[in-house]
Amino acid sequence: MRCEDPLFLTRRDVAELLTLDECIAAVHHAFRLHGQGLAARPGILGLHVDGGGFHIKAGVLPSARSPHPYFAAKINANFPGNPRIGLPLIQGVIALCDAENGAPLALMDSIEITIRRTGAATAVAAKHLAREDARVAAIVGCGNQGRIQLRSIAAVRPITQAFAFDENADRAAAFAPEMSAALGIAVHAVPNPALATTQSDIVVTCTPSRRAFLGREHVRPGTFVAAVGADSEAKQELEPALMAASIVVVDVLEQCATIGDLHHAIAAGVMTRADVHAELGEVVAGHKPGRTSDHQIIVFDSTGMALQDVAAAVAVYEKACAAGAGTRLHLNGRARTPWWLAPGIR
């Protein structure tokens, strides 16, 4: 379903329209299409500036409900000093367009989509790579991403207990009772990450760390590790030795070899691109196996694939059109004729 006019959707609009289950389903679909070769390879561009940086992620997906494919480009800014002046660490916009004729469909806030689609990717990976009986999770990094990561894991695995660590002990202390109440499970704040990871079946690292802190000795056999924090070449969470000792699945190989934890393992000389088991899309599509043993340590190097953003943005947009949500934008000055039927458009 498409709206007559382009839409503007705020963060609140996005949060009200997109449920976590819907986001997980959309992202799963995107990875499957990627693995089947039915979606063009996504693109990424990064630019560093004083105090932070910008990245643009763009991709195209066919539509399940429309004859027209969708294009989306996300422009995100990442400025580590922002929280000190009352601004979000990460903020930006997503532009959604008809990929057949280029007509703009929507402009929406990117914060909520970035948070949810990142958690959804971990859920998809955990569904295929974590043990089916995984019940204990460790979350390293207790911000908004830590919250959505735990919710996402609990949506696909029978989590009954979780451990939480953050360098800011107060943040972990607040995280534990909040998430315990939200999910109905026991969540414990711990004073160091090893106390969390060595007791867990699933480990998620979602920090801005620029130095590896998770080593082979910090995870037990059979663990699924989702490394979420390294989304630029300067960031690192996993020691190269842990990567080399694990089965490594990436979201996008080229991306992870450039900016993910894989990048550091390659730079250390302990891995090559050929050592990567699969892209997640290949596993979802059934072209490569997922977990084949309860003793395997499997690492998902998650740098954020543009198709996740496209899929989530499409889900938000189509729900907004059906619900009459959002603000209509009359970009061409006309509001009477649906823009995609206007003379000269097609």
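1. In this predicted model, K74 stands opposite I94 in β5. That pair belongs to a longer antiparallel arrangement, in which strand β4 (residues 70-78) is joined to strand β5 (residues 90-98) by nine bridges. As general background, the strands of a sheet pair through backbone hydrogen bonds, in either a parallel or an antiparallel sense.

2. Strands β4 and β5 sit side by side in an open sheet of seven strands, whose order reads β2-β3-β4-β5-β6-β1-β17 and whose pairing is mixed. The edges of this sheet are held by β2 (43-49) and β17 (327-328), and because each of them has a single partner strand, one side of each is left without a neighbour in the sheet.

3. Which residues make up the nonpolar surface patch? The patch, of about 710 Å², is formed by F8, L45, L47, V49, F54, I56, I75, V93 and L107. The elements that contribute two or more residues to this patch are β2 and β3 (52-61), and the largest share, three residues, comes from β2. The strand with that share, β2, is also one of the two edge strands of the open sheet.

4. Among the patch residues, F54 deserves a separate remark: F54 lies in strand β3, and with a relative accessible area of 37% it counts as partly exposed, since that class covers values between the buried limit of 20% and the exposed limit of 50%.

5. Parallel pairing is found around strand β14 (residues 247-250), which is joined to strand β16 (residues 298-301) by four bridges; within this pairing, V249 of the one strand has F300 as its bridge partner in β16. Strand β14 also pairs in the parallel sense with strand β15 (residues 278-279), here over two bridges, and the bridge partner of V250 in β15 is E279.

6. How far apart are the end C-alpha atoms of helix α5 (residues 169-183)? They are 21 Å apart, and the 15 residues of the helix should span 21 Å at 1.5 Å a residue, so the two values agree; the expected span is taken as 1.5 Å times one less than the number of residues.

7. The same helix, α5, has A172, F175, A176 and M179 as buried residues. As for what surrounds them, the buried residues of α5 pack against two kinds of element, namely the strands β7 (136-140), β8 (161-165) and β9 (186-189) and the helix α4 (144-156).

Definitions and conventions. Residues numbered from 1 in each chain as written. Predicted model: local features only at pLDDT ≥ 70, side-chain atom pairs only at ≥ 80, totals over all residues. Heavy atoms only, no water. Pairing = 2+ DSSP bridges. Patch = residues over 30% accessible without salt bridge, like charges linked within 9 Å, V, L, I, M, F, W, Y side chains within 5 Å. Areas by Shrake-Rupley, 256 points an atom, 1.4 Å probe, with all protein chains shown as cover. Salt bridge = Lys/Arg side-chain N within 4 Å of Asp/Glu carboxyl O. Buried < 20%, exposed > 50% of the residue type's maximum accessible area, 1.4 Å probe, protein only. Contact = heavy atoms within 4.5 Å.
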